[in-house]
Amino acid sequence: MSEDGLTLGVHPSVATIFPPGKLRDELDDAPVVVREMDGDADTDGLDGVATFTYSDAFLDADVEWIHCVLAGVDAFPLDDLERAGVHLTNSSGVHGDSVGDTVLGYLLQFARRLHVYRDDEPKRTWRYPDWDETFTLSGERICVVGLGTLGQGVTSRAQGVGMDVAGVRRTPTPLPSVDDLYTPDALTDAAADARFVVLTVPLSERTRGLVGAEELAAMREDAYLVNVARGGVVDQDALVDALEAGEIAGAALDVFEEEPLPDDSPLWEMENVIVTPHAAGATRAYAGRVAALVRENVKRIRDGESLANQVV
C-alpha cells in the first residue's frame, strides 16, 4: 500500500447504516482521497475499501485494506484475505454507548411494562397493572456475558441505576462496573440468580450456540434474556420453546439466526418479546466514529505501523 495519496472507496452497502457521502465528508480533513463506489467492481485505483458487506470483487482487485463498518466480521473470508495479504479492520469499539442505551431501554420496558402500554395504545386499552407486575431496576441482578466495549456499556448503565452486576468473560480481570466476575465455564451459575441475562459476545466457534436449552433452564422463571450479540449465539428454537413453556419471563432480541426475522416466526406474536431490527448500535454519530477509526489507520499506514482494530 502506497504511503502517499491513499485512495479509499466507500462501498454503497454502507448506506444500510449511513449515507456513503457522510463518511466522505467526515474524512474531508484526513490525508486520504475518498471516493464513493458505484458498485462491487468499481475498485480501480483504490488502496482500500470501507464497506458494510463483503464482495469477492475486493479480493480480485488490488486493494490491500478493507475496513468493515460493523464490529462483526463473520461474513468475511478471513483465511482467504490473509492468504491474499489483504488487511481487514473492523469498527469494534464504536457501539458501546448506543448499545448500552438500547439495553437499558429494554430493561426499563420490561420492568415498567412500557412495551405492554405501547401495544395497548392503538387499541385504546386503559389497564392498570396488577400489583406484582412491575418492579424497579434498583437492587435487581443483571448478568452480562461478554465484557468488551458493548458489555461495559451495559454494565456501567446497570450500575448507574443501582443494579447488582455480574459479568462473564474469559479473563477475570476486575472491572469497576462489575460486582461479581465469572468465567465462561460458570455461565449457568452466573445466570441462575439474575433477573436479566444480557449477551454481548462476538460470534465465534466458541460462542455459537452459547445459550441453549440447558442455559435457559438454569435461568429464573421471572428472568429475561437480552441478545445484542449475534443471532447464532442463541439456540433460537430452544428459546422459543422456553418462552412458550414459561421457563423464562421474556426476551429482548436485536439479532436473529435469520435476518430479517421471517414473517412466520412465533417471536413476532409474543407479548413478552421485544423485537428490534439489528439496530441496537444505530446512532447519528456512527459515521463520525467510523471516520475516526479510518483516520487513525490512514495515519498508521503512512507511518508503517500496525493497524487499529486489525482482524487480519
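This is a short tour of a predicted model, stop by stop, with something to select at each one.

**Stop 1: the open sheet**

Start by colouring the five strands that form an open, parallel sheet in the order β2-β1-β3-β4-β5. Now look at the two ends of that order. β2 (33–36) and β5 are the edge strands, each with a single partner, so one side of each is left without a neighbour in the sheet. If you look along the sheet, neighbouring strands are turned against each other by 20° on average, direction ignored.

Next, select β4 (residues 65–68) together with β5, which pair in the parallel sense over three bridges. Then add α10 (residues 286–303): this helix lies across β1 (7–10), β4 and β5, and runs at about 160° to β4.

**Stop 2: T89**

Stay with β5 (residues 87–89) and pick T89, which belongs to this strand. Is T89 buried or exposed? Its relative accessible area is 0%, so T89 counts as buried. Show side chains here and you will find a polar contact of 2.9 Å between T89 and W65. The bridge partner of T89 is H67. Now display what surrounds T89: leaving aside neighbours within four places in sequence, T89 is in contact with W65, I66, H67 and C68, and also with N297, L307, A308, N309, Q310 and V311.

**Stop 3: helix α4**

Move on to residues 96–112, which make up helix α4. Measure between the C-alpha atoms at its ends: they are 24 Å apart, which agrees with the 24 Å that 17 residues should span at 1.5 Å a residue. Colour its buried residues, which are G96, S98, V99, G100, V103, L104, Y106, L107, F110 and A111. As you follow that pattern, remember that an α-helix has 3.6 residues a turn, so residues three or four places apart point the same way. Just after α4, stop at R113, where phi is positive at about 65°.

**Stop 4: helix α6**

Select residues 149–160 for helix α6. Its 12 residues should span 16 Å at 1.5 Å a residue, and the end C-alpha atoms are 17 Å apart, which agrees. Among its residues, G151, G153, V154, T155, R157 and A158 are buried. To see what the buried residues of α6 pack against, switch on α4, β6, β7 and β9. Just after α6 comes G162, with a positive phi of about 85°.

**Stop 5: β6 and β7**

Keep β6 and β7 in view: they run parallel and are joined by five bridges. Within this pair, V145 stands opposite V168 in β7. β7 is mostly covered, with four of its five residues buried.

**Stop 6: the nonpolar cores**

V145 leads straight into the last stop. The largest nonpolar core has 34 residues, and V145, V197, L199, L216, L225, L239 and L267 have the most contacts inside it. At least two residues of this core come from each of β6 (141–145), β7 (164–168), α7 (187–192), β9 (196–199), α9 (236–244) and β11 (250–253). Which element gives the most to this core? That is α9, with five residues.

Centre the view on L199 and show its contacts: beyond four places in sequence, L199 touches V145, V211, L225, V226, N227, V228, A229, V233 and V234. Finally, select Y106, L147, V178 and V226, which are included in a second, separate core of 26 residues.

Notes: Residues are numbered from 1 along each chain as its sequence is written. This is a predicted model: local features need pLDDT of at least 70, side-chain atom pairs count only at pLDDT 80 or more; totals for chains, interfaces and linings use all residues. Side-chain values use heavy atoms; hydrogens and water are left out. A nonpolar core is a set of buried Ala, Val, Leu, Ile, Met, Phe, Trp, Tyr and Cys residues joined through side-chain atoms within 4.5 Å. Buried means under 20% relative accessible area, exposed over 50%, partly exposed in between (1.4 Å probe, protein chains only). Contact means heavy atoms within 4.5 Å. The expected span of a helix is 1.5 Å times one less than its number of residues. A polar contact is a pair of N or O atoms within 3.5 Å; within protein, one must be able to donate a hydrogen and the other to accept it, and residues adjacent in sequence count only if both atoms are side-chain atoms. Two strands pair if DSSP finds at least two bridges between them. Axes are lines fitted to C-alpha atoms, for helices over the stretch in contact, and angles run from 0 to 180 degrees between N-to-C directions.
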